[in-house]
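Welcome! Let us read a structure together, one feature at a time.

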Amino acid sequence: MDVPGAENDWKSHAFRQKVVGQIEEAMRKAGTAHTKSSTDMENHIFMKAKTRDDYLSLVARLILHFRDIRNAGKGSKFPQLFSIVVR
């Protein structure tokens, strides 16, 4: 479904704040200490992304990374296979 302006909605403050909240929740559930805040991580991703798809893909990878950490801590059968370094 095409929504007017949807191509740039990812740049809005409200959209980005929602993503910050999702990253924060993933970090909290992972239960490990982090050197960067969720806001810092989101801003880094935002600056790196050239398109909405890039942005959402990087955010998804970061959240999955935190889920992997959480699952590894619970004795998951699947060890952490990769570490996300967003450069």
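What follows is a conversation between a learner and a teacher about this structure.

Q: Where should I begin, and what kind of model is this?

A: Begin with the source: this is a predicted model. Then look at the elements along the chain, which follow the order α-α-α from the N terminus on.

Q: How many helices and how many strands are there in the protein chain?

A: A simple inventory helps before any detail. Here the protein chain has three helices and zero strands. Helix α1 covers residues 13-30, helix α2 covers residues 38-48, and α3 covers 52-73.

Q: How do I read the way two helices pack, and at what angle do the axes of α1 and α2 cross?

A: Look at how close the axes come and how they are turned. The axes of α1 and α2 come within 9 Å and cross at roughly 125°. That angle makes α1 oblique to α2. The crossing itself is right-handed.

Q: Which residues in α1 and α2 meet?

A: To answer that, list the residues on each side. From α1 come R16, V19, V20, I23, E24 and M27, and they meet S38, T39, M41, E42, N43 and F46 of α2. Sorted by class, this contact has six nonpolar, three polar and three charged residues.

Q: Let me pick one of these residues. Is R16 buried or exposed?

A: The number to read is the relative accessible area, and under 20% counts as buried. R16 has 18%, so R16 is buried. R16 sits in helix α1. Leaving out residues up to four places away in sequence, R16 touches W10, K11, E42, N43, F46 and Y55.

Q: E42 is on that list. What is the relative accessible area of E42?

A: E42, in helix α2, has a relative accessible area of 3%, so E42 is buried. With residues up to four places away in sequence set aside, E42 touches R16, V19, V20, I23 and Y55. You can also follow the chain back to G21: E42 and G21 are 21 residues apart along the chain, and their C-alpha atoms are separated by 9.7 Å.

Q: Is E24, another charged residue of α1, buried or partly exposed?

A: E24 lies in helix α1 and counts as partly exposed because its relative accessibility is 41%. Its C-alpha atom is separated by 7.9 Å from that of S37, a residue 13 positions away along the chain.

Q: Now the interior. Why would nonpolar residues gather?

A: In soluble globular proteins, nonpolar side chains tend to be buried together. In this model, the largest nonpolar core has 17 residues. Those with the most contacts inside this core are I23, M41, I45, Y55, V59, L62 and F66. Each of α1, α2 and α3 supplies at least two residues of the core, and the largest share, seven residues, comes from α3.

Q: Which residues does V59 touch?

A: Here we again leave out residues up to four places away in sequence, and V59 then touches V19 and I45.

Q: How do I read a residue in a loop, and where is T32 found?

A: Find the elements on either side of the residue, then ask what the residue touches. T32 is in the loop between α1 and α2. T32 is partly exposed because its relative accessible area is 36%. Apart from residues up to four places away in sequence, T32 touches M27 and I69. T32 and I69 are 37 residues apart in sequence, yet 8.2 Å apart in space, C-alpha to C-alpha.

Q: Is there a similar pair for L56, and how far apart in space are L56 and F46?

A: L56 and F46 are 9.4 Å apart in space, C-alpha to C-alpha, and ten residues apart in sequence. L56 is in helix α3 and is partly exposed, with a relative accessible area of 31%.

Q: To finish, what do the totals say about the whole chain?

A: Totals put the single residues in context. Of the 87 residues in the protein chain, 28% are buried. Among contacts with a separation of 6 or more, 54% join residues 24 or more positions apart.

Technical notes: Residues numbered from 1 in each chain as written. Predicted model: local features only at pLDDT ≥ 70, side-chain atom pairs only at ≥ 80, totals over all residues. Heavy atoms only, no water. Helix = DSSP H or I, 4+ residues; strand = E, 2+ residues; numbered from the N terminus. Buried < 20%, exposed > 50% of the residue type's maximum accessible area, 1.4 Å probe, protein only. Contact = heavy atoms within 4.5 Å. Axes fitted to C-alpha atoms, helices over the stretch in contact; angles between N-to-C directions. Parallel < 35°, antiparallel > 145°, perpendicular 65-115°, else oblique. Left-handed = near helix turned anticlockwise from the far one by under 90°. Nonpolar A, V, L, I, M, F, W, Y, C, P; charged D, E, K, R; others polar. Core = buried A, V, L, I, M, F, W, Y, C linked by side-chain atoms within 4.5 Å.
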